[in-house]
Amino acid sequence: MLFDPTRHEPLGPAPWDEARARAAIAAIVRDAVGAYRPGRWWPPHPNDLGPGDDPTAPFTPLYFGAAGVVWALRHLRAVGAAPELALPDFDLDTLRADNRAWLRAQGDTDLGSYLMGDLGIELIAWGDDPSPGRADRLQALIENLADHPARELMWGAPGGLLAASLLHEYRPDPRWAALARRLSTRLEEQLHWSEAFGCHYWQQDLYGHRSTYLDAVHGFVATAHGLIRSRHLLGAEAWARWQARIVQTVARTATVEGGLANWRCELIEPAGRPPRWLMQFCHGAPGFVICLADLPTPELDALLLAAGEAVWAAGPLAKGANLCHGTAGNGCAFLALHRRTGDARWLQRARAFAMHAIGQSDAEAERLGRRRHSLWTGDPGLACYLWNCLRAQPGFPTLDRFYPV
């Protein structure tokens, strides 16, 4: 079994409704602006709280806090999803200071983290003010990630590699290309080889544990995404080596059953623990499809199609509507396959998941009396997905697309 059916639910019957999608975006945006409190940002959602978290203390990172909501609201306005939206004057310097305080309260000092630290916030600010001073701060943050032991997107060097690529795409500068090459070289030096699987992998030192994740947040394929995106900056020889490794590892770690494909969470599971099989962006086939959608070779196309079929066969996630581990994130895989193949069936599936996700979001808001103000785990991320469905274009927020913001 490539997925756990108890984690999924039957797809709802609601047909694609453009007006309903636009209304859902508008409702999410209005609610987020109305819930904003200067100096307090947005209250954390109960589903984002961990043991010991203060339910009154706002989360601030790009991943599931204020920075992500700021990014989403500004992005939705910039791309035309909410063109008449009047936004508060968000003070990004205060947000950075608040995020540093939040990190310290968690016992973390990883200021350079892309999804949890300064880096994502500085990227937003640099879009407003691409000054030499801000560029210098961004360069220092990315450089400091080169030897981070996590070796994954959220906290480590792969997040810096993605940031360098995003910066170079938006405003080309030799410094961003040089940073991408430096991080690529360091990641190459840190690769491990598995005799059992016949492929390369990274080991992550994360949250006090060592792991060998393959996934689209902490694992191999998230790092592959940054390398694919940066390939034109790395040089032909370096990219040829990376492409061969990516194809090899993805192919040799896939499990295919009955025309469906998925990947275990970790390459090497801790002793005594069987492989875990999830079907969501952060662990499993949806993340592989999204992260590999721009791979410039057809070698993995059959596998990516089988992965897309597995996402469809599993159905919407019972966890909710969000991007990271919810129905919208899985739907992003269909949009990616639609662009890669040109097959309208994938767009139809993405829009079917969109309708289901709207229902999930509305039901949760009614049950809890509030919406979930978070980019990767909440409603603003869903709004971005709905806009992509309306335009029939892929683009996972802050992974595939950052600017304009």
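How many aromatic pairs does the structure hold? In this predicted model, the structure holds 26 aromatic pairs. One of them is formed by F59 and W102, whose rings meet edge-to-face, 5.9 Å centre to centre and with 65° between the planes. F59 belongs to the loop between α1 (18-35) and α2 (66-78), whereas W102 belongs to helix α3 (residues 92-105), so the pair ties together parts that are 43 residues apart in sequence. Both F59 and W102 are buried.

A second pair, W155 with Y207, is likewise edge-to-face, at 6.3 Å centre to centre and 85° between the planes. This pair also links distant parts of the chain: W155 lies in the loop between α5 (132-143) and α6 (157-170), Y207 lies in the loop between β3 and β4, and 52 residues separate them. The two partners differ in their surroundings. W155 counts as buried because its relative accessibility is 4%, below the 20% limit for that class. Y207, in contrast, has a relative accessible area of 52% and is therefore exposed, the limit for that class being over 50%.

Aromatic rings also gather in a group. F59, Y63, F64, W102, F281, W376 and F396 form one aromatic cluster, which includes both partners of the F59 and W102 pair. Other rings in the model are accompanied by a charge. The charged end of R175 sits over the ring of W176, at 5.4 Å from the ring centre. A corresponding arrangement is found for R345, whose charged end sits over the ring of W346, 4.8 Å from its centre.

The largest pocket holds about 1,000 Å³ of space. Its lining consists of 40 residues, and those nearest its centre are Y63, M154, W155, Y207 and H218. W155 and Y207, described above as an edge-to-face pair, are thus among the residues nearest the centre of this pocket. Strands β3 (204-206) and β4 (209-211) each contribute at least two residues to the lining, and β4 gives the most, with three. By class, the lining comprises 19 nonpolar, eleven polar and ten charged residues.

Enclosed space was examined as well, and two cavities of 30 Å³ or more were counted. About 50 Å³ of space lies in the largest cavity. W71, H75, L76, C384, W387, N388, G395, P397 and R401 line the largest cavity, with α2 and α15 (379-391) each supplying at least two residues. Five of the lining residues are nonpolar, three are polar and one is charged. The second largest cavity contains about 40 Å³ of space. Its lining is made up of W42, P43, P44, H45, D48, F59, F64, G65, A66 and H373, which divide into six nonpolar, three polar and one charged. F59 and F64 in this lining also belong to the aromatic cluster.

Burial is further illustrated by helix α11 (residues 285-292), in which eight of the eight residues are buried. These residues are A285, P286, G287, F288, V289, I290, C291 and L292. The elements that cover them include the helices α8 (220-229), α10 (236-253), α12 (301-314) and α13 (327-341), together with the strand β6 (260-263).

Methods: Residues are numbered from 1 along each chain as its sequence is written. This is a predicted model: local features need pLDDT of at least 70, side-chain atom pairs count only at pLDDT 80 or more; totals for chains, interfaces and linings use all residues. Side-chain values use heavy atoms; hydrogens and water are left out. On a 1 Å grid over the protein atoms alone, a cavity is a set of points where a 1.4 Å probe fits but cannot get out, and a pocket is an open set with protein on both sides within 12 Å along at least five of seven lines; lining residues have an atom within 4 Å of a point. Grid points are joined across faces, edges and corners, and a volume is the space filled by probe spheres set on the points. Helices (H or I, at least four residues) and strands (E, at least two) are DSSP runs, numbered from the N terminus. Ala, Val, Leu, Ile, Met, Phe, Trp, Tyr, Cys and Pro count as nonpolar, Asp, Glu, Lys and Arg as charged, and the others, Gly among them, as polar. Buried means under 20% relative accessible area, exposed over 50%, partly exposed in between (1.4 Å probe, protein chains only). Contact means heavy atoms within 4.5 Å. Rings of Phe, Tyr and Trp (its six-membered ring) pair if their centres lie within 6.5 Å; planes under 30 degrees apart count as stacked, over 60 as edge-to-face and the rest as tilted. A charge sits over a ring if NZ of Lys or CZ of Arg is within 6 Å of the ring centre and within 35 degrees of the ring normal.
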